[in-house]
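Please look at the sequence and the model below, and keep both in view while you read. The paragraphs that follow go through the fold step by step.

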Amino acid sequence: MLLEDRTCLVTGGSKGIGAGIARELGAHGADVVVNYRSSEDSAHAVKEEIDEGPGSAVVAQADVANFDEVQTMYDAVREELGPIDVLVNNAGITVDRTFDEMTREDWDRVISVNLGGVYNCTKVCYDDIRDAEEGRLINISSVVGQQGNYGQANYATTKSGLFGFSRTIALEMARHGSTSNCVAPGFVETDMLADVPERVREKILKNIPLRRFAEVEDVVGIVRFLASKESSYMTGQVLAVNGGMEW
Ligand code: NAP
């Protein structure tokens, strides 16, 4: 098993891309921590599915934007499973408005989850990942961080921010043999994309050379590869999984 003996924490593992990543890591033998904020039933469904296969899972509630909740979650998980080898910073939200309509509150909400959450989760897991035999930090960014996107100044800022963050942590962890990379998916069929109006979806589709939106399954394989020891010599990179869009 590719990920046997790996303990992996997936933030926002209850739904969408995070749930797919959690299932994929579990299917390759990992012990998976399925973090969620409010979707308890979905998180338990992901856990049950993982437990039926070669891996195992625990669920862990915490709002990633809240440092104290993240610390409490980490302490409980550490006690039960030992150190975290792989952290997948996946939890993310959108609050879309054109910039002329965007309030400071809209801005702060997205920053606090998409970047504040990355700080909080990486901070508590940092020593574990650095000291692991080939620890892994994997940050889920977006093509929107590369291209920008109408009505998403707050979101695009957070997703671009992950490039600099991932690369810097890569440099700081390199001498310990642990790595840090970014995955930048294109537009993926999840609840997040379901919020996008049909006319905007059609416009986006015209710019995707493969002429379809991604399924969650299109994205999870690259995360499994990064989590494994097969990716030992890859660090500080942004891996695009976007149907061929240019940026
Ligand atoms: P989604 O279907 O809306 O799922 C979001 C997940 O994040 C849920 O499990 C949710 O848990 C969790 N979450 C949200 N806020 C949280 C918080 N404060 N603390 C803990 N968990 C939180 O979204 P998705 O499409 O799978 O997106 C996942 C990641 O991929 C995001 O970072 C997103 O930016 C990125 N991405 C998405 C797309 C796309 O087109 N869908 C494209 C590129 C990148 P609860 O329901 O329990 O709150």
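Which residue in S6 does Ile140 stand opposite? The partner is Val183, which stands opposite Ile140 in S6. Before following that pairing outward, note that this is a predicted model, and that the mean pLDDT of the chain is 97, with 100% of its residues reaching 70 or more. Confidence is lowest in helix H8, residues 191–194, where the mean is 92, and highest in S4, where it is 99. As a caution, where pLDDT is low, the predicted coordinates should not be read in detail.

The pairing above belongs to an open sheet of seven strands, which follow one another in the order S3-S2-S1-S4-S5-S6-S7 with parallel pairing. At the edges are strand S3 (56–61) and strand S7 (238–241), each of which pairs on one side only. From one strand to the next, the twist averages 20 degrees.

It helps to walk across part of this sheet. S1 and S2 pair in the parallel sense over four bridges, and Thr7 has Asp31 in S2 as its bridge partner. S1 is also joined to S4 by three bridges, and these two strands run parallel; here the bridge partner of Val10 is Val88 in S4. S4 is in turn joined to S5 by four bridges, again with the strands running parallel, and Val86 has Arg136 in S5 as its bridge partner. S5 then pairs with strand S6 (residues 179–185) in the parallel sense over five bridges, and this is where Ile140 and Val183 stand opposite each other.

What lies on the two faces of these strands can be read from their side chains. In a regular strand the side chains alternate between the two faces of the sheet. Both faces of S1 are covered, since Thr7 and Leu9 on one side and Cys8 and Val10 on the other are all buried. S5 is likewise covered on both faces, with Arg136, Ile138 and Ile140 buried on one side and Leu137 and Asn139 buried on the other. Because five of the five residues of S5 are buried, that strand is largely enclosed by the rest of the structure.

Helices lie against these strands. Helix H1 (residues 16–27) lies across S1, strand S2 (31–36), S4 and S5, and runs at about 170 degrees to S1. Helix H5 has many buried positions, among them Gly117, Val118, Asn120, Cys121 and Thr122. The buried residues of H5 pack against strand S1 (7–10), strand S4 (86–89) and strand S5 (136–140), and also against helices H3 (67–81), H4 (104–114) and H7 (153–173).

The length of H5 can be checked with simple reasoning. At 1.5 Å a residue, the 16 residues of H5 (residues 116–131) should span 22 Å, and because the end C-alpha atoms are 23 Å apart, the expectation and the model agree. H5 nevertheless bends by about 55 degrees at Cys125, a residue that is itself buried.

A last residue to find is Asp108, which lies in helix H4. Is Asp108 buried, partly exposed or exposed? Asp108 has a relative accessible area of 32%, and because buried means under 20% and exposed means over 50%, Asp108 counts as partly exposed. Asp108 and Gly151 are 43 residues apart in sequence, and their C-alpha atoms are 15 Å apart in space.

Key. Residues are numbered from 1 along each chain as its sequence is written. This is a predicted model: local features need pLDDT of at least 70, side-chain atom pairs count only at pLDDT 80 or more; totals for chains, interfaces and linings use all residues. Side-chain values use heavy atoms; hydrogens and water are left out. The expected span of a helix is 1.5 Å times one less than its number of residues. The bend at a residue is the angle between axes fitted to the seven residues ending there and the seven starting there. Buried means under 20% relative accessible area, exposed over 50%, partly exposed in between (1.4 Å probe, protein chains only). Contact means heavy atoms within 4.5 Å. pLDDT is the predictor's confidence in each residue, from 0 to 100. Two strands pair if DSSP finds at least two bridges between them. Axes are lines fitted to C-alpha atoms, for helices over the stretch in contact, and angles run from 0 to 180 degrees between N-to-C directions.
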